[in-house]
Amino acid sequence: MTASGTPTTAPPPAEDGALHRAIGPKLLILFVIGDILGTGIYATTGKVAGKVGGALWLPFVIGFVVAILTAASYVELVGKYPKAAGAALYTQKAFKTPFLTFIIAFMVMCSGLSSASAAARAFSGDYLSELTGDALPPTLIAITFIVLLAALNLRGVSESVKTNVVLTLVELTGLAIILAIGAYAVLTGDGEPSRLTEFEAGGGSGYALMTGVLGATALGFFAFVGFEDSVNMAEETKDPVRTFPRAIFIGVAVTGTIYVLVALVSSLLVDHKTLGSSSGPLLEVVKAGGVDFPHKLFALIALFALSNTALINIMMASRLCYGMANERILPRAMGRVLAKRRTPVVGIVFVALLAIGLVSTGEIEGLGDTTAFLLLCVFAMVNVAVLVLRRDRVDHAHFRTPTALPVLGAITALILASPLADRPAEVYIRAGVLLAIGVALWAVNKLVLRARDEE
């Protein structure tokens, strides 16, 4: 495929023993959209508003631009190497350093856990309270939520892409309701348009305003993560070299447009302080919209979206843990499976324990920011890898992104991951502890393998 996206040659033929290629272009687009939608927009919109003020839409616009830059790098790499390994594969091919590859893979795994933990915290908040009242402590609910997801994983979850389409449509329905309420408000003259240009970050200082907007953008970027997971479907996609560019770009563009519109509606109808103090910000929008839509029904839709996001991330993290154990990157015991269910029991228990630790020590904002920080570091590496791998020629044509895009992608990802983004120290500490656990497991595994070799 040329830089313009025009296919010039057929993709490489499937090898014997390859996965069944059952995903067509339309299903892949819906899969990408479904992967991105979820906790980020349903849970962290209010926290972003608390950081930036009424100009809630701006962080989502900037986050959309950063996502597109990195998506272009993923599109080039998945077209070049249509294999189901994602950032870890690209890092290994570019730098051929196993420890660095492990760190990137472990960061991806931990990002899934912090995302699931943020969803658990959001699940235990205002959306659930709308249905049940404040019956139990939120932390206990969040821990129970993680345990139930782990139990479901242990039993075995037969997910399919077509099921994901149904889940995506439900999540989209909730956001469509928000947009419909916003359209009604505009037509009837409700809302406060003046809020859309209010900046609370900075308190008059230009530097503080910049770091405040960057901090809000870094947190808002949590809503855009997910498209990077789609590259793991490369070996099950029909003609991935042709299909992925369109699917990823359309998926990011559709979700980005929805997010910006939802941010505009939210700020138009609800004061940023009210949004910032709520763990169910979109429910506040429904309540303020002047439309007689059942609050409990919307809360149920939101809980469904949060549950789906958490389940997918727990599944991804446990399978990644299992895969690393089978590759002898983590201790081999972590690759054990239940005899009857054939589910990775040790991996599921391990990631569940980490997730319980996260929900016990963090809130929605901090956990969402941790997810964004970890993936921004991964995205910076992917953007560098695409440039390094330009020297590696393959025997089929593929999409090639303009060189300026991965350069800008790496720079913007590093800026948003840096202290310039006004990120609380707890986020760096949490990410550091997670990586320290990974390094310890890596070291233990190395010692065990060395001892076995010496026997």
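# A guided tour from Tyr 207 to Arg 430

Select Tyr 207, which is found in helix H10 (helices are DSSP runs of H or I with at least four residues, strands runs of E with at least two, numbered from the N terminus). The structure is a predicted model, in which local features need pLDDT of at least 70 and side-chain atom pairs pLDDT 80 or more, while totals for chains, interfaces and linings use all residues. Residues are numbered from 1 along each chain as its sequence is written, and side-chain values use heavy atoms, without hydrogens and water.

**The surface around Tyr 207.** Tyr 207 is exposed, because its relative accessible area is 54% (buried is under 20%, exposed over 50%, partly exposed in between; 1.4 Å probe, protein chains only). Now add Met 210, Leu 387, Val 407, Ile 411, Ile 415 and Leu 420 to the selection: together with Tyr 207 they form a nonpolar patch on the surface, with about 560 Å² of accessible area (Shrake-Rupley, 1.4 Å probe, only the protein chains shown counting as cover for residues). Patch residues have over 30% relative accessible area and no salt bridge; like charges are joined within 9 Å, nonpolar side chains (Val, Leu, Ile, Met, Phe, Trp, Tyr) within 5 Å. Helix H10 (206-220) and helix H17 (404-417) each supply at least two residues of the nonpolar patch. Three of its residues, the largest share, belong to H17.

**The whole chain.** Zoom out to view 18 helices and zero strands. Of the 455 residues, 54% count as buried.

**The core.** Which residues touch the most other members of the largest nonpolar core? Select Tyr 42, Phe 60, Met 109 and Phe 298, which do so in a core of 138 residues (buried Ala, Val, Leu, Ile, Met, Phe, Trp, Tyr and Cys joined through side-chain atoms within 4.5 Å). Helix H6 (residues 98-123) gives this core its largest share, 16 residues. Centre the view on Met 109: leaving aside neighbours within four places in sequence, Met 109 is in contact (heavy atoms within 4.5 Å) with Ala 317, Leu 320, Cys 321, Met 324, Phe 350, Val 351 and Leu 354.

**Tyr 74.** Proceed to helix H4 (residues 57-80), where Tyr 74 has its place. Is Tyr 74 buried or exposed? Tyr 74 counts as buried, because its relative accessibility is 2%. Beyond four places in sequence, Tyr 74 touches residues including Ala 87, Tyr 90, Phe 227 and Val 378. Glu 228 is also touched by Tyr 74; these two residues are 154 apart along the chain, yet their C-alpha atoms are separated by 7.2 Å.

**Helix H13.** Display residues 281-288 next, where Pro 281, Leu 282, Leu 283, Val 285 and Val 286 are the buried residues of H13. Just after this helix, Gly 290 takes a positive phi of about 75°.

**Salt bridges.** The whole structure holds seven salt bridges (a side-chain nitrogen of Lys or Arg within 4 Å of a carboxyl oxygen of Asp or Glu). Select Arg 423 and Asp 369, whose closest N and O atoms are 3.1 Å apart in one such bridge. Arg 423 lies in the loop between H17 and helix H18 (425-454) and Asp 369 in helix H16 (residues 364-388), so the pair ties together parts that are 54 residues apart in sequence. Both Arg 423 and Asp 369 are buried.

Finish in helix H18 with Arg 430 and Glu 426, whose side chains meet in a salt bridge (2.8 Å, N to O). Because these residues are four apart in H18, about one helical turn separates them. Arg 430 is buried, at 9% relative accessible area, whereas Glu 426 is partly exposed, at 40%.
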